[in-house]
Amino acid sequence: MFAAFRDEMHRLVELTADDMASRRFGRLTTALALVELNEDRGVVGPVRPRRPRFRSGCTGCSRPRSG
């Protein structure tokens, strides 16, 4: 039981530190720092560009229109 508590305590301390940093320096700065720290670990891969979502009835859609 104590080993599980010890393992969870490390995680809670890390989360608290991240929360305090985001409040002090801003969420974007903290997020970019976390990404940079984890790049070498292979946790974060290259970001793929988002594909636009098509709304029904849009022009240029590859989906056939109903109606």
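Is Glu8 buried, partly exposed or exposed? In this predicted model, Glu8 counts as partly exposed, because its relative accessibility is 35%, a value that falls between the limits of 20% for buried and 50% for exposed. The legends below begin with the whole chain and then turn to close-up views.

**View 1. The chain as a whole contains 2 helices and 0 strands.** The chain has 67 residues, and buried residues make up 4% of them. The surface that the chain exposes comes to about 7,100 Å², and carbon and sulfur atoms supply 56% of this area. Helix H1 covers residues 2–25, while helix H2 covers residues 27–38.

**View 2. Helices H1 and H2 meet at an oblique angle.** Two packed helices are described by the angle between their axes together with the distance between those axes. Here the axes of H1 and H2 come within 7 Å and cross at roughly 130 degrees. The two helices are therefore called oblique to each other, since an angle counts as roughly antiparallel when it is over 145 degrees and as roughly perpendicular from 65 to 115 degrees. On the H1 side, the contact is made by Asp18, Ala21, Ser22 and Phe25, and on the H2 side by Arg27, Thr29, Thr30 and Leu34.

**View 3. Ser22 is a buried residue in the contact between the helices.** Ser22 has its place in helix H1, and it counts as buried because its relative accessibility is 18%, which lies under the limit of 20%. When residues up to four places away in sequence are not counted, Ser22 touches Arg27 and Thr30, and both of these residues belong to the H2 side of the contact.

**View 4. Arg11 and Glu8 form a salt bridge along helix H1.** Side chains of opposite charge can pair when their charged atoms come close. In the pair shown here, the closest N and O atoms of Arg11 and Glu8 are 3.0 Å apart. Arg11 and Glu8 are separated by about one helical turn, because they lie 3 residues apart in H1. Arg11, at 47% relative accessibility, counts as partly exposed, and Glu8, at 35%, is also partly exposed.

**View 5. Arg23 and Asp19 are joined by a salt bridge in helix H1.** The side chains of Arg23 and Asp19 meet with an N to O distance of 3.2 Å. What separates these two residues along the helix? They are 4 residues apart in H1, so about one helical turn lies between them. Arg23 is exposed, with a relative accessible area of 68%, whereas Asp19 counts as partly exposed at 35%.

**View 6. Arg6 and Asp7 make a salt bridge between their side chains.** The N to O distance in this pair is 3.7 Å, and the salt bridges in the model come to a count of 3. Arg6 counts as partly exposed at 48% relative accessibility, and Asp7 is partly exposed as well, with a relative accessible area of 48%.

**View 7. A nonpolar patch lies on the surface of the model.** The patch is made by Phe5, Met9, Leu12, Val13 and Leu15, and has an area of about 470 Å². One of these residues, Phe5, has its place in helix H1. Phe5 is exposed because its relative accessible area is 53%, which is over the limit of 50%.

Terms used:
Residues numbered from 1 in each chain as written. Predicted model: local features only at pLDDT ≥ 70, side-chain atom pairs only at ≥ 80, totals over all residues. Heavy atoms only, no water. Patch = residues over 30% accessible without salt bridge, like charges linked within 9 Å, V, L, I, M, F, W, Y side chains within 5 Å. Areas by Shrake-Rupley, 256 points an atom, 1.4 Å probe, with all protein chains shown as cover. Salt bridge = Lys/Arg side-chain N within 4 Å of Asp/Glu carboxyl O. Buried < 20%, exposed > 50% of the residue type's maximum accessible area, 1.4 Å probe, protein only. Axes fitted to C-alpha atoms, helices over the stretch in contact; angles between N-to-C directions. Parallel < 35°, antiparallel > 145°, perpendicular 65-115°, else oblique. Contact = heavy atoms within 4.5 Å.
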